[in-house]
Amino acid sequence: MAEVFYVGVDVGTASVRAALVTRDGLLKTTAEEAISIWKPQPEHYVQSSTEIWQKCCTVVKRVTSGVQSSQVRGIGFDATCSLVVLDESFHPVPVTLEGDPQKNVVMWMDHRAAEQAARITNTGHRVLSRVGGVMSQEMQPPKLLWLKENLKESCWNKAAHFFDLPDFLSWKATGSITRSLCTLVCKWTYCPPDGWDPSFWTSIGLEDLLENNFSKIGSATCSPGSPLAEGLTPEAAGDLGLNPATAVGASLIDAHAGGLGVIGANVQGFDLPCKGLPITSRMAMICGTSTCHMAISEQPLFVPGVWGPYPSAMVPGLWLNEGGQSATGRLIDHIVKGHVAYTHLQEQVNQRVPFTGANIYTYLNSHLALMANSHSAVDLLGSNLHMWPDFHGNRSPLADPALKGMVIGLSLSQTLDDLALLYLTTVQALALGTRHILDAMREAGHDIRTLFLCGGLSKNLLFVQIQANATGLPVVLPNQAEAVLVGAAVLGACASRDCRTIQEAMEKMAKVGKVVQPDQELQSFYEKKYKVFLQLFSHQREYQALMKHK
């Protein structure tokens, strides 16, 4: 019998990727295509849904070119939680002041609606209890309100369909306008079984969305991985190079696909505290430019400053809490590349690359090991340098976008050693931020025993080890570097009915690659460093109050 495959498609911020994945979760082939980002004004970031779909077709054709289309049993899509606007005929509607119809996607990182988000938060409406009490400008209601208030004629009045990007992709593939619970629950305030809360939309000035049973934002919903319509339409199948009626699973936000790609792995044979316990004892961390902290529970748990609880938003039948750090990989890059010794670092790396293939971070990790020598742990080098890492505000657990970064312990020295120490301190501060989020989740009732990491930062071994050391929890890394693509393929496997549930597909396709244990000898060091960490935050609030005091 011919081998069967699933296709996972991941639309990230700047590129579209696809993978051909086996039923055991192994990536057979991958492909990637860049997508355009336009910044027509400060804080405005837009894309084209037409271009995104074209690039999806290109990468899917590439990864499936070596197999018979009949061997592909299902396809799943994930994407950033960007907002796609279409008219009654499903043609693009512009979201820019210039009115270019191809620029019809308000990106997730578009912050034009900060003032609208603050106004929505100030309503104190009951739906805000499921987003930690604060409406983020990266969610869809403030963006919709901005479009109505600023582009009423050119956009709002012409729009007939507002899609989250993952749902747009599944609509293009199947013709179905059924929305995934992942997108509607996490980014739009939808809450099953009751659904939309009409009083919320009316209270913020978007009562026109109630028309025709909320047809513009979605009246039919389903769990992620549910088969949509009759599978691929003939037109979409031709575009993608696959057979018509190939199963398509209801989509996910990209970070949630990463969660699916790691959190359900079978841990038998590994000495882990979550062994024999339900997957509610695990937290998935999708670590890249920013980091998402995904924890699931059997009952709804309300965690102050943490998004959720969201029903069936990642794993059907379970509740999701989503913490996060707004800048992680981005912060590390900012600290390292902004240092005066960065040029010296590049020179050192370029001398070694022909021999080792090192990048700046593997070089810095090696440099820190030399600084520590064999007598002590690298971590202890951070004893006298401390950071509060919220250079881009705090997403969780404080939900305060106005917080700023802090560094304590600087000198006049600007050597490569100083750069390495500042890099180490940044990594430690981010890990202590994870501990801060874990504490808030535990206080609300979560019992998390093991961390499951994926994403670009999970390839940095020092970052991974310090996450383990600072939290005192073991870290599991997947055996496939691209866990997000595995998570997208899980949706296709579920939709094809080859797997009865998402949980079954996760257990088959998500695999443990490596386990990183915490260094228990560093426990007291990180207890002290965490106390400093929390004091930095309280001091910042004190300083703000002092300066405001008349």
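**Charged pairs and burial**

Tutor: Let's start in helix α14 (residues 416-443), home to both D439 and R442, which sit three residues apart, about one turn of the helix. Helices are DSSP runs of H or I with at least four residues, strands are runs of E with at least two, and both are numbered from the N terminus. This is a predicted model, where local features need pLDDT of at least 70, side-chain atom pairs count only at pLDDT 80 or more, and totals for chains, interfaces and linings use all residues. Residues are numbered from 1 along each chain as its sequence is written, and side-chain values use heavy atoms, leaving out hydrogens and water.

Student: What makes D439 and R442 a salt bridge?

Tutor: Their closest N and O atoms are 4.0 Å apart, and the term asks for a side-chain nitrogen of Lys or Arg within 4 Å of a carboxyl oxygen of Asp or Glu, so the pair qualifies.

Student: Why is D439 called partly exposed?

Tutor: Its relative accessible area is 29%, and buried means under 20%, exposed over 50%, partly exposed in between (1.4 Å probe, protein chains only), so D439 takes the middle label. R442, at 32%, gets that label too.

Student: How do you know that R17 is buried?

Tutor: R17 has a relative accessible area of 16%, so it counts as buried. Its salt-bridge partner D10, with closest N and O atoms 2.9 Å apart, is buried at 6%. D10, R17, K459 and E482 are linked in a network of salt bridges.

Student: Why does buried E322 have no salt bridge?

Tutor: K187, the nearest side chain of opposite charge, is 4.3 Å away, so the cut-off given above is not met. The E322 side chain does make a polar contact with that of H256 at 3.2 Å (N or O atoms within 3.5 Å, one able to donate a hydrogen and the other to accept it; sequence neighbours count only through side-chain atoms).

Terms used
Lys and Arg count as positive and Asp and Glu as negative; His and the chain ends are not counted.
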